[in-house]
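Trainee: I would like to go through this model with you, beginning with the contact between the chains. Could we look at it together?

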Amino acid sequence: MSRKAYITLGDRITAATDLVSQSSWWGQIQTWVEVLLTRLGLRGQGLVVAIPYLWLLLFFLIPFAFVLKISLAEAVIARPPYTALIEWTEDAFIDIKLNIANYLFLLQDDLYWKAYLNSVKVALISTAVCLFIGYPMAYSMARANPAWRNVLLMLVILPFWTSFLLRVYAWIGILKNNGVINNILLAFGIIDEPIVMMQTNFAVYVGIVYSYLPFMILPLYANLERLDNTLLEAAADLGCRPIKAFFSITLPLSIPGIIAGSLLVFIPAVGEFVIPALLGGPDTLMIGRVLWDEFFANRDWPVASAVAIAILLLLIIPIMVFQRFQAKEAEAGTA
Amino acid sequence: MNKNRSMFLISGLAFGFAFLYIPILSLIIFSFNESKLVTVWAGFSTKWYGELLRNEQILDAAWLSIRIAVINACFAVALGTLAGFALARLGRFRGRTLLTGMVTAPLVMPEVITGLSLLLLFVAMQDLIGWPAGRGVTTITIAHITFSMAYVAIIIQSRLSSVDESVEEAALDLGARPAKVFFLITLPIIAPALISGWLLSFTMSLDDLVIASFVSGPGSSTLPMVVFSKVRLGVSPEINALATIIVLLVAVGITIAGITLNRQEKRRQRDMQMAVAANE
């Protein structure tokens, strides 16, 4: 933009600004808001940062301190069902009781280990399958002509907006013994008796891949869409075959997208509860479900908290890597 | 493009979209099934929609969920806009890294952990200051605002980062106060992002089962909680009818929003170009 254009544009904006703010209700509201904020002694930038900051501090960060605290308490039958860590004794001593029994319990009982390792395994395999299905989709979408691109993008986003719970529920009707797949296979005489798919690990994989696929496609698409086409053209001009160009140009350049998409699938999948609860069987052990059962069925808040801490220890590094990527992407304005 | 290659890509796309949409289609088809055995076809019927509309438990829960979702979306947009604006426009303020962390972590944090941690916070707060007294609508709304605002913040931040800052700077240079610039320039520019943020917060709140289960109290069962307890006992055609209604509403809503936003965006870009062209 030339300097002159810049200034004229600025003039127009101020003129428009004044017109609107002098005459309309919009200006009134603005003035009220400003007066209100000044009265409260809060002004400008400090306020803009402070409000969301305090909210997230109080309702997102500080709660983790309570999880850690309760994980060191003992379960009792009371309301709330745990003991206090710090107590005033009669002779004015502060009595601090830290109970690590919950953690020892997790270490000793196989159930927790199995659930923990199985969750990581399920999440890793699901992430790989999502990548395997999602990459070609994202790639073809990014290569489609622009008019189609938006339609395809909308089609990927649409299921994401409809209820997650109901989409998982849909699979029950498809996978169960007298469900859609078995009925079709039986009708064509391909099988003689229904294949048991519900309440198996297979169903859990299907559910997770299905639910998280859009999270894999979207960052991959965002990445592949802004891939510089001239690189591929140059490679082709120099006699590079498309397959080779893909592996030596497209794939390496899309690694940030692959990492972002994989983390978006892997991290929540480790702690997934709804999918194993609805599609998995009693032997599908996943750590999110264990936490849920400790909390709701056994009412053992301290053990549930210890499980939460164990999950966090596992996820803290992937979460930090994800944040790095997200911050970079956001600054580039492409998130 | 090579013919084999494009065939491969097209079949990949077709397979992927079939995978995404067949379950949703089967939900819709079997909502019109006469039989209670959801997956065995016994003729066309709309009786399950009637049953659904007579099911007081589901209707009450749906109404509660909608109220929570609306309040949640309004607060989340306000708070998320402030956070996104701070991250995109205020440069390197103190504590920026922590704010970035607190905005991105809720996007991936497993829900069981968020739910449990918020519940423990609410219990402790009730002990210390007596608020929130018990758990219910208030605590669910607070929990939803917390994760929704993170999504809004990301949307707003990315929108602001992709928009030229010079218009705002020009207004500031010409003496407009920062608050005025925000309300008259920044806000209209990010209007599409505000709308998508509101809609996203609304649907996420309407959809949340896990976090709401942790922080809800007696008498405050949201729609997903009621659906989950029904679905756990097996398939039910009423739930298919509910799903069909939700899918239709979302599809219509998204299409309208998409078309409107697209049109507005084009108009805005044209105006900007004309403003530039007129002065060159």
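Trainee: What area is buried between chain A and chain B?

Mentor: This is a predicted model. The area buried between chain A and chain B is about 9900 Å², and carbon and sulfur atoms give 79% of that area.

Trainee: Which helix gives the most to the side of chain A that touches chain B?

Mentor: Helix 3 of chain A, residues 44–71, gives the most, with 19 residues. The residues on that side of chain A divide into 79 nonpolar, 22 polar and 8 charged.

Trainee: How many salt bridges are there between chain A and chain B?

Mentor: The count is 0. There are, however, 11 residue pairs in polar contact between chain A and chain B, with both residues at pLDDT 80 or more.

Trainee: And how many salt bridges does the structure hold over all chains?

Mentor: It holds 6. In one of them, Glu225(A) pairs with Arg149(A), with the closest N and O atoms 3.4 Å apart. Glu225(A) lies in helix 9 of chain A and Arg149(A) in helix 6 of chain A, so the pair ties together parts that are 76 residues apart in sequence.

Trainee: Is Arg149(A) buried or exposed?

Mentor: Arg149(A) counts as buried, at 18% relative accessibility, whereas Glu225(A) is partly exposed at 39%.

Trainee: Turning to chain B, which residue meets Arg89(B) in a salt bridge at 2.9 Å?

Mentor: That residue is Glu168(B). Both Arg89(B) and Glu168(B) are buried. Salt bridges with shared partners join Arg89(B), Glu165(B) and Glu168(B) into one network.

Definitions and conventions. Residues are numbered from 1 along each chain as its sequence is written. Chains are lettered from A and ligands numbered from 1 in the order in which they are written. This is a predicted model: local features need pLDDT of at least 70, side-chain atom pairs count only at pLDDT 80 or more; totals for chains, interfaces and linings use all residues. Side-chain values use heavy atoms; hydrogens and water are left out. Buried area is the accessible area (1.4 Å probe) that two parts lose on being put together, summed over both. A salt bridge is a side-chain nitrogen of Lys or Arg within 4 Å of a carboxyl oxygen of Asp or Glu. A polar contact is a pair of N or O atoms within 3.5 Å; within protein, one must be able to donate a hydrogen and the other to accept it, and residues adjacent in sequence count only if both atoms are side-chain atoms. Helices (H or I, at least four residues) and strands (E, at least two) are DSSP runs, numbered from the N terminus. Ala, Val, Leu, Ile, Met, Phe, Trp, Tyr, Cys and Pro count as nonpolar, Asp, Glu, Lys and Arg as charged, and the others, Gly among them, as polar. Buried means under 20% relative accessible area, exposed over 50%, partly exposed in between (1.4 Å probe, protein chains only).
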